[in-house]
Amino acid sequence: MSFIDKIIKIVISLLILSISIASCEQKNNKIEIANQYYSILNNSDYSKIPTLLIDSLITKEIEYKKTFSQEEYIELLKWVSVFEAEYKVLEIEEENGIIKTKVLQKDKRILFLHESPIITNQIIRFKNNKITSIEIVKYVAFNDTIFIKNRTKLLNWIDKNHPELKGFLHDQTEQGALKYLKAINLYKEAN
């Protein structure tokens, strides 16, 4: 083997090593971005959202799909934060450029309606190391019978006893969440 052949072999080996390291760093970077996202949700620190998300975010929950601007998504997160949401990443892995997570979520609304935390499998997709979509692909722990029963009891009780709070269920603004929480608290006090 000539000196030039040895140099070429070393250069090719270094190139392969560099590509492998860059690939690992990109995988770890996406996992880190996903973990940062859940940390932002837990801390209600929405000023950091623009560093993690592209200009618009697609959310999908089984078959329901919606596109949010960053501002609209931040408003939705403010709604969630009123209920003091907590997210715990139970599993996280990178596969084929996407992040797959199993996430436990609980908050005052969920614990009232569902009576226990909800666990979901989620997929997070990226473009240029920014989150483009977050999709709930499966409810691992969710009892829709309990959820619907408790929601129906709450709505019927509010209609009868506090009609001024009607409409809170579909108002996903911070003010809507405050009405929702007030409805839950009034119901709990009376029952």
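# Notebook: helix α3, the sheet and the salt bridges

**Entry 1. Helix α3.** I began with the burial of helix α3, in which Q70, Y73, I74, L76, L77, W79, V80 and V82 are buried. I note at the outset that the model is predicted. I recalled that an α-helix has 3.6 residues a turn, so residues three or four places apart point the same way. I then checked the length of the helix. With 13 residues, α3 reaches 19 Å from its first C-alpha to its last, close to the 18 Å expected at 1.5 Å a residue. Just after α3, I found E84 with a positive phi of about 60 degrees.

**Entry 2. The chain as a whole.** I next looked up the secondary structure, which comes to six helices and six strands. Along the sequence, I read the pattern α-α-β-β-α-β-β-α-β-β-α-α. The chain has 191 residues, of which 34% count as buried. I also looked up how far apart in sequence the contacting residues lie. Among contacts with a separation of 6 or more, 52% come from residues 24 or more positions apart.

**Entry 3. The sheet.** In what order do the six strands of the open sheet lie? I read the order as β2-β1-β6-β5-β4-β3, with mixed pairing. The edge strands are β2 (64-69) and β3 (86-95), each of which pairs on one side only. From one strand to the next, the twist averages 20 degrees. Helix α3 (residues 70-82) packs on this sheet and touches β1, β2, β3 and β6. The direction of α3 makes about 110 degrees with that of β2.

**Entry 4. Strand pairs.** I went through three of the pairings in turn.

- β1 (residues 53-61) and β6 (residues 130-141) pair in the parallel sense over five bridges. In this pair, E61 stands opposite I136 in β6.
- β3 and β4 (residues 98-106) pair in the antiparallel sense over nine bridges. Here E94 stands opposite I99 in β4.
- β4 and β5 (residues 118-127) run antiparallel and are joined by seven bridges. The bridge partner of K100 in β5 is I123.

I also examined the connection from β3 to β4. These strands form a hairpin with two residues between them, and N96 in the turn has a positive phi of about 55 degrees.

**Entry 5. Salt bridges.** How many salt bridges does the structure have? The count comes to five, and I recorded three of them.

The side chains of E84 and K108 meet at 3.2 Å, N to O. E84 lies in the loop between α3 and β3 and K108 in helix α4 (residues 108-113), so the pair ties together parts that are 24 residues apart in sequence. E84 is thus the residue that I had noted in Entry 1 for its positive phi. K108 is partly exposed, at a relative accessible area of 37%.

The second is between E95 and K100, at 3.0 Å, N to O. I found E95 to be partly exposed, with a relative accessible area of 33%. K100 also counts as partly exposed, at 28% relative accessibility.

The third joins R125 and E135 at 3.7 Å, N to O. This pair links distant parts of the chain, with R125 in strand β5 and E135 in strand β6, 10 residues apart. Are the two partners buried or partly exposed? R125 counts as partly exposed at 34%, whereas E135 is buried at 16%, because buried means under 20% relative accessible area.

**Entry 6. The nonpolar core.** I then turned to the interior. The largest nonpolar core has 43 residues. Those with the most contacts inside this core are Y37, Y73, I124, I131, L154 and Y180. Y73 was already on my list of buried residues in α3. I followed L154 further: leaving aside residues up to four places away in sequence, L154 touches F112, F168, Y180, A183, I184 and Y187. As background, I noted that in soluble globular proteins nonpolar side chains tend to be buried together.

**Entry 7. Further positive phi values.** Finally, I looked up two loop residues. I62, in the loop between β1 and β2, has a phi near 55 degrees, a positive value in a residue other than glycine. I62 counts as partly exposed at 39% relative accessibility. E115, in the loop between α4 and β5, has a phi near 70 degrees, again a positive value in a residue other than glycine. E115 is partly exposed, with a relative accessible area of 46%.

Definitions and conventions: Residues numbered from 1 in each chain as written. Predicted model: local features only at pLDDT ≥ 70, side-chain atom pairs only at ≥ 80, totals over all residues. Heavy atoms only, no water. Pairing = 2+ DSSP bridges. Helix = DSSP H or I, 4+ residues; strand = E, 2+ residues; numbered from the N terminus. Axes fitted to C-alpha atoms, helices over the stretch in contact; angles between N-to-C directions. Contact = heavy atoms within 4.5 Å. Expected span 1.5 Å × (residues − 1). Buried < 20%, exposed > 50% of the residue type's maximum accessible area, 1.4 Å probe, protein only. Salt bridge = Lys/Arg side-chain N within 4 Å of Asp/Glu carboxyl O. Core = buried A, V, L, I, M, F, W, Y, C linked by side-chain atoms within 4.5 Å.
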